[in-house]
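Got your viewer open? Load the model below, keep the selection tool handy, and we'll walk through it stop by stop.

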Amino acid sequence: MGPEILRDMTFDIPKRSFQFLTGPSGAGKTTLLRLLFTSLYPTRGIIRMFGRELSQIPRSELPMLRRRIGIVYQDFRLLDHLTTYENVALPLRVRGKDEASYRNDVIELLKWVGLGERINVLPAVLSGGEKQRAAIARALMDRPEILLADEPTGNVDPPMARRLLSLFLELNRLGTAVVIATHDLALMDQVDARRMILTEGRLDIYE
Amino acid sequence: MNEPRPPTKTKPAKTEKAPAGATAWQEKSAEAAPDQGPRRAAMRVRPTAPILPPSNIQGNALMVVIAIMAFLACLTLGGVSMVRATAAGWQSEISREITIQIKPDEGLDMDAALKKARDVALTFVGTRDGTIMDDSATARLLEPWLGTGLDLADLPVPRLVIITIDEQNPPDFAAMRDLLKTEVPQAFLDDHRTWVDRLVSMARTTVLIGMGVLILVFTAMILTVVFATRGALSGNRHIIEVLHFVGAESGFVAREFQKHFLKISIKGSAAGGALAALLFAAANLWQSNSRATPQSEQATALFGSFTIGFGGYLGIFATILVIALLTTLTARLTVMKTIDEIDLIRSDPARADGAPKS
């Protein structure tokens, strides 16, 4: 077994809440996000999600659970052969929805994140900020109940970081709980929000 | 590009009431994205691309590997079916006839003896036809050893009666032999048993060797196809991960990959199989067009007829299907295994592969 990354922490993420998860590099932010996204099991401890204990949920039901969670990876994870539109529509496509039923929604969302003119463009020609917004749009596409974003402003300049932050705030106003993992203090200073600070595997929360 | 005004210590969420509509951002889109200009009535999007890239290096390489393996497997299959047919032909041709040999003797009326032997043989159930080899035919038979212009009257050459028999219901050779001994003491019945037995064992050995080669080629084909498919899939692991993490069920991911690999394998195996079938058809055509030429005779003597028949073509078709199914099944199992692995990593934090970096 590897080293203990997180320990002795108890916290909850209320519905429609907005919080930053911060701490120095290597503190365990990504691990905590992965735990919340069910892409990692805790070696011990209990995680309850949407009223159910995670260890009690069979593997076959995990995709259904993940559909209620949006995740924005630090490295975007866009598929290179699909256009911005197709990448953002992917969550609906894998749910077996008919393209005609979501086309307008996807286009509206792309406009909302400022990618209205980049709909038919492949990720290779998108800038870092555009890729980030496409990844965010994909995470939002099916209106998740909670959005987890790992360093969403790590690859962009300060104006773009502010722009992305305003997107998250907008989303939060629309009812999604948002967790942003970042170590960008300037970004956090712009919003009066809950801060979850990870230090050497321990979590302190400042409401 | 106009940037939206940076929030100045915004207080998020708690005070605001969330709209309930499923496409609530639509109402907000105009204000949140001021750089979009006037909204267009409809945006054109390209026809949705398949989730898996339709062609890439691994896919093309896999198609070529499948085509080559299908070609080799079909060639072997056709070859074995040809050998089998040829061996069966030898066996049936030689066992379709029996020979009565009459040795010349002092005071023997050879012609009468030949007729009598033929008539005796034809009284048995299971015989069909009897032909007495006349002088010229016998001379032709001996030509390689004794040269041309042979006068049979000068030499004590045995004469032959060829009896055609019903292979399915052969006559009682022992009774025939006994009766001939009594009626024509100089007659000797040769039912070709020794030859037939040797040919049967030779034909069986040939077919067995052919089957062995076929099994080897098919095993090689299966392994090559399985490993090539897995190789091609390894380049798509990131797609499996993304699909898995955007909430796709394992069955959906597996189906997408199955469809993709079925297309590749059908194309590859159909090309290989069709090429092999064409090769046999062309060889058959050549053989029938150049019948009675020395080259054709030589080829026929060596390989038999290049006809693989309906069964052979059916075998080629079945091989194409087997390869297609094999590739599809391998793709499915590999994708399911990859998803299992991704899920397994969840319970082992020491394995960080597939996880976003910190």
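Before the first stop, some ground rules on geometry: axes are lines fitted to C-alpha atoms, for helices over the stretch in contact, and angles run from 0 to 180 degrees between N-to-C directions. Helices (H or I, at least four residues) and strands (E, at least two) are DSSP runs, numbered from the N terminus. This is a predicted model, where local features need pLDDT of at least 70, side-chain atom pairs count only at pLDDT 80 or more, and totals for chains, interfaces and linings use all residues. Residues are numbered from 1 along each chain as its sequence is written, with chains lettered from A and ligands numbered from 1 in the order in which they are written.

**Stop 1: a helix pair in chain A**

Select residues 84–93 and 128–140 of chain A. These are helices α3(A) and α5(A), which pack at an angle of about 30° with their axes 7 Å apart. That makes the two roughly parallel (angles under 35 degrees count as roughly parallel, over 145 as roughly antiparallel, 65 to 115 as roughly perpendicular and the rest as oblique). Now show side chains: α3(A) brings T84(A), N87(A), V88(A), L90(A) and P91(A) to the contact, and α5(A) brings A134(A), A137(A) and R138(A). Contact here is between residues whose C-beta atoms, placed from the backbone, lie within 7 Å. Colour that set by type and you get five nonpolar, two polar and one charged. For that colouring, Ala, Val, Leu, Ile, Met, Phe, Trp, Tyr, Cys and Pro are nonpolar, Asp, Glu, Lys and Arg are charged, and the others, Gly among them, are polar.

**Stop 2: inside chain A**

Zoom out to the whole chain: chain A has seven helices and eight strands. Of its 207 residues, 53% are buried, meaning that 20 or more other C-beta atoms lie within 10 Å of a residue's own; 12 or fewer makes it exposed, anything in between partly exposed, with C-beta atoms placed from the backbone.

Next, pick residues 18–22, strand β1(A). Which residues sit on each of its faces? F18(A), F20(A) and T22(A) are on one side, Q19(A) and L21(A) on the other, and all are buried. With five of five residues buried, β1(A) is largely enclosed by the rest of the structure.

Add the neighbours. β1(A) runs parallel to β6(A), joined by four bridges, and F18(A) has V178(A) as its bridge partner there. β7(A) also pairs with β1(A) in the parallel sense, over four bridges; look for L21(A) with its partner M196(A). Two strands pair if DSSP finds at least two bridges between them.

Now select helix α1(A), residues 29–36, where eight of eight residues are buried. The cover includes β1(A), β5(A), β6(A) and β7(A). Just after the helix comes T38(A), with a positive phi near 65°.

For contrast, click on M64(A) in helix α2(A), residues 62–66. Is M64(A) buried or exposed? M64(A) is exposed, with 12 other C-beta atoms within 10 Å. Draw a C-alpha to C-alpha distance from there to R95(A): 9.6 Å, across 31 residues of sequence.

**Stop 3: the chain B sheet**

Switch to chain B and find the open sheet of four strands, antiparallel and ordered β2-β3-β1-β4. β2 (127–132) and β4 (187–190) are the edge strands, each pairing on one side only. Look along the sheet and the twist averages 20° from one strand to the next.

Select β3(B), residues 159–165. R159(B), V161(B), I163(B) and I165(B) point to one face and are buried, while L160(B), I162(B) and T164(B) point to the other and are not. Six bridges join β3(B) to β1(B), with I98(B) opposite I163(B). Five bridges link β3(B) with β2(B), where T131(B) partners I162(B). At β1(B), residues 97–102, four bridges lead to β4(B), and Q101(B) stands opposite F188(B).

**Last stop: the helices of chain B**

Show α5(B), residues 173–183, which lies across β1(B) and β4(B), running at about 170° to β4(B). Then add α3(B), residues 110–122: the axes of α3(B) and α5(B) come within 10 Å and cross at roughly 150°. That makes the pair roughly antiparallel. To finish, display K116(B), A117(B), V120(B) and A121(B) of α3(B) against M176(B), L179(B), L180(B) and E183(B) of α5(B); this contact divides into six nonpolar, no polar and two charged.

Key
Two residues are in contact if their C-beta atoms, placed from the backbone, lie within 7 Å.
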